[in-house]
Amino acid sequence: MAFSSLRSSSCVLNKLRLCQRSISAKASSSPKDKDRERLMFDSEKDLTSGISRPLSEILKELNKKVPDSLIKFRHEPNGFSLKYIPWHIVNRIMNLHAPEWSGEVRSITYSSDGKSVSVVYRVTIYGTDAEIYRESTGTASVDDPGYGDPVQKAEGMAFRRACARFGLGLHLYHEDMS
């Protein structure tokens, strides 16, 4: 039994190495592509960096500044502009640095007037020494004409905020304070 799990782990590492080689073999045409590749596939160590590590090491990686090329802007109707990291990028960063993470929707609540929905989301990170979780909320208007349904939007917001409680993208919240 132990031999087969070692063999499957070896197979996974070999697949990751092949993936890394194929990506690094492709020529990047723009600095944005190079930043994305550097974040996602910098080295073999990074590809397997989250596997069986203490929480302190995982959290140290999650607290690093996210490259500007991965950050998006959203312009609010009141003229205010917000920086954010799209949920799918947050998901990839979590997979890279904390592959043992899990996430779950804890609750979905509609406001009493039915105009908004709030989602509570929990992210759990598993390290070799312990596991920890963080929860956060996200709220979206039911009447928002943008892409996706309100529950999806609220869930994405709650997911990003829960990850920020581990330090991922937290620098975005402090940039406007200076």
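Contact here means heavy atoms within 4.5 Å. With that settled, on to helix α4. Its buried residues pack against α5, β4 and β5. I will come back to that packing. One caution at the start: this is a predicted model.

Let me give the overall picture. The chain has 7 helices and 5 strands. Along the sequence the order is α-α-α-α-β-β-α-β-β-β-α-α. There are 178 residues, and 30% of them count as buried. The accessible surface is about 11,300 Å², with 54% of it belonging to carbon and sulfur atoms. Now contacts. Take those between residues at least 6 apart in sequence: 56% of them join residues at least 24 apart.

Next, the sheet. It is open, with 3 strands in the order β3-β4-β5, and the pairing is antiparallel. Why do β3 and β5 each have one side without a neighbour in the sheet? Both stand at the edges, β3 at 102-110 and β5 at 131-141, and each has a single partner strand, so one side of each is left open in that sense. On average, neighbouring strands here are turned by 20 degrees against each other, direction ignored.

Look at the β3 and β4 pair. Strand β4 covers residues 116-126, and 8 bridges join β3 to it, antiparallel. To find the register, use two positions. T109 stands opposite S118 in β4. S107 stands opposite V120 in β4. The hairpin of β3 and β4 has 5 residues between the strands, and G114 in that hairpin takes a positive phi near 75 degrees.

There is another hairpin, earlier in the chain. Strand β1 is residues 72-75, strand β2 is residues 81-84, and 4 bridges join the two, running antiparallel. K72 stands opposite Y84 in β2. This hairpin also has 5 residues between its strands, and here G79 takes a positive phi near 90 degrees.

Back to α4, as promised. Helix α4 is residues 55-62, lies across β4 and β5, and runs at about 130 degrees to β4. Which residues of α4 are buried? They are L55, I58, E61 and L62. Seen down the axis of α4, these fall within an arc of 125 degrees, so they line one face of the helix. On the other side of α4, S56 and K60 are exposed. And the partners, once more: the buried residues of α4 pack against α5, β4 and β5.

So much for α4; now α5. This helix runs over residues 87-97, and its buried residues are I89, V90, I93, M94, L96 and H97. Down the axis of α5, the buried residues fall within an arc of 160 degrees, so they too line one face of their helix.

Now two residues that sit in a loop. The first is R53, between α3 (44-47) and α4. Is R53 buried or exposed? R53 is buried, because its relative accessible area is 10%, and the cut-off for buried is under 20%. What does its side chain reach? The backbone oxygen of H97, at 3.0 Å. Recall that H97 is among the buried residues of α5. Leaving aside neighbours within four places in sequence, R53 is in contact with I58, E61, H97, G127 and T128. Of those, I58 and E61 are among the buried residues of α4.

The second is S52, in the loop between α3 and α4 as well. S52 is exposed, at a relative accessible area of 55%. Setting aside neighbours within four places in sequence, S52 is in contact with E100 and T128. T128 is also on the contact list of R53. One distance to note: the C-alpha atoms of S52 and Y126 are separated by 8.5 Å, and the two residues are 74 residues apart along the chain.

Last stop, S136. This residue lies in strand β5. S136 is buried, with a relative accessible area of 7%. What does S136 contact beyond its neighbours within four places in sequence? The list is V119, V120, Y121, A158, R161, A162 and R165. V120 came up before: in β4, opposite S107.

To recap for the discussion. The open sheet runs β3-β4-β5. Helix α4 lies across β4 and β5. The side chain of R53 reaches the backbone oxygen of H97. Thank you.

Notes. Residues numbered from 1 in each chain as written. Predicted model: local features only at pLDDT ≥ 70, side-chain atom pairs only at ≥ 80, totals over all residues. Heavy atoms only, no water. Pairing = 2+ DSSP bridges. Helix = DSSP H or I, 4+ residues; strand = E, 2+ residues; numbered from the N terminus. Axes fitted to C-alpha atoms, helices over the stretch in contact; angles between N-to-C directions. Buried < 20%, exposed > 50% of the residue type's maximum accessible area, 1.4 Å probe, protein only. Polar contact = N/O pair within 3.5 Å; in protein donor to acceptor, adjacent residues only side chain to side chain. Areas by Shrake-Rupley, 256 points an atom, 1.4 Å probe, with all protein chains shown as cover. Arc of directions from axis to C-beta.
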